Amino acid sequence: MKEDPFKSSNDDFTFRKKNLRKKYAIIIVSFIVIISVVSIPVVIYAYNAIKMIFNYNPELPCEDLPDIKIVRQVVEDHQDVIQEIKNLNPDNIWVSINERCNGKGELFIYYDTVSNKEKI
């Protein structure tokens with residue numbers, strides 16, 4: 001029996017097509033990984049640069065913070081307001097006192113979503 005000359009060339013074409021697809025897939029995945037690895041530090045650097053340009057620092061300096069005793073007294077005096085804040089979403093809003101500097105403190109309100117922030 002004679003071999004069909006077109007059959008071997010057809011199989012060869014299919015094999016090359018599969019190899020080409022694998023190469024393209026590897027190139028695309030590699031490209032995505034490289035872009036991800038490069039873009040994360042760039043975004044972090046840009047964020048820090050913008051913070052420096054606009055002199056953004058959310059923390060008050062230690063000398064501007066009230067004494068921790070005053071913070072605790074305010075918390076005791078306004079338990080109704082703090083409880084009202086916590087009751088907006090009891091599982092996802094927390095209020096705590098933070099003593100950041102020696103004898104100085106601040107009140108932290110933790111929340112999980114923008115809608116909770118707007119409610120507060």
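This is a short walk through the fold, the salt bridges, the one aromatic pair and a nonpolar surface patch of the protein shown above, which is a predicted model.

Let me begin with the overall layout. The protein has four helices and two strands, and, read from the N terminus, these elements follow one another as α-α-α-β-β-α. Of its 120 residues, 10% are buried, and the protein exposes about 10,600 Å², of which carbon and sulfur atoms supply 62%. If we take the contacts with a separation of 6 or more, residues 24 or more positions apart account for 51% of them.

I turn now to charged pairs. As a general point, side chains of opposite charge can pair when their charged atoms come close. In this protein the count comes to three salt bridges, and I will take them one at a time.

The first on my list joins the side chains of K104 and D67, with an N to O distance of 3.9 Å. This pair links distant parts of the chain, since K104 sits in strand β2 while D67 belongs to the loop between α1 (5–53) and α2 (68–77), and the two are 37 residues apart. K104 has a relative accessibility of 22% and therefore counts as partly exposed, and D67, with a relative accessible area of 38%, is partly exposed.

Next come E99 and R72, whose side chains also meet in a salt bridge at 3.9 Å, N to O. E99 lies in strand β1 (residues 93–101) and R72 in helix α2, so this pair ties together parts that are 27 residues apart in sequence. E99 counts as partly exposed at 43% relative accessibility, and R72 is partly exposed with a relative accessible area of 41%.

The remaining salt bridge is between E106 and R100, where the closest N and O atoms are 2.9 Å apart; the two side chains are also listed as making a polar contact at 2.9 Å. Is E106 buried or exposed? At 15% relative accessibility E106 counts as buried, because the cut-off for that class is under 20%, whereas its partner R100 is partly exposed at a relative accessible area of 26%. E106 is found in strand β2 (residues 104–111), and, leaving aside residues up to four places away in sequence, E106 touches L65, V71, S96, I97, N98 and R100.

Staying with aromatic side chains for a moment, a pair of rings is described by the distance of the centres and the angle of the planes. A search of the whole structure finds one aromatic pair. The ring centres of F108 and Y110 are 5.7 Å apart and their planes stand at 85°, so the pair is edge-to-face. Both residues count as partly exposed, F108 at 28% relative accessibility and Y110 at 41%.

Finally, the surface. Which residues form the nonpolar patch? They are L88, I97, L107, I109, Y111 and I120, and together they have about 450 Å² of accessible area. Strand β2 gives the most to this patch, with three residues. I97, a member of the patch, is also among the residues that E106 touches. I120, another member, is placed in the segment after α4 (114–119), and at 37% relative accessibility I120 counts as partly exposed.

To close, I would draw attention again to strand β2, which holds E106, contributes K104 to a salt bridge with D67, and gives the nonpolar patch three residues.

Note on methods:
Residues are numbered from 1 along each chain as its sequence is written. This is a predicted model: local features need pLDDT of at least 70, side-chain atom pairs count only at pLDDT 80 or more; totals for chains, interfaces and linings use all residues. Side-chain values use heavy atoms; hydrogens and water are left out. Buried means under 20% relative accessible area, exposed over 50%, partly exposed in between (1.4 Å probe, protein chains only). A polar contact is a pair of N or O atoms within 3.5 Å; within protein, one must be able to donate a hydrogen and the other to accept it, and residues adjacent in sequence count only if both atoms are side-chain atoms. Contact means heavy atoms within 4.5 Å. Rings of Phe, Tyr and Trp (its six-membered ring) pair if their centres lie within 6.5 Å; planes under 30 degrees apart count as stacked, over 60 as edge-to-face and the rest as tilted. Patches are made of residues with over 30% relative accessible area and no salt bridge: like charges are joined within 9 Å, nonpolar side chains (Val, Leu, Ile, Met, Phe, Trp, Tyr) within 5 Å. Accessible areas come from the Shrake-Rupley method with a 1.4 Å probe; for residues, only the protein chains shown count as cover. A salt bridge is a side-chain nitrogen of Lys or Arg within 4 Å of a carboxyl oxygen of Asp or Glu.
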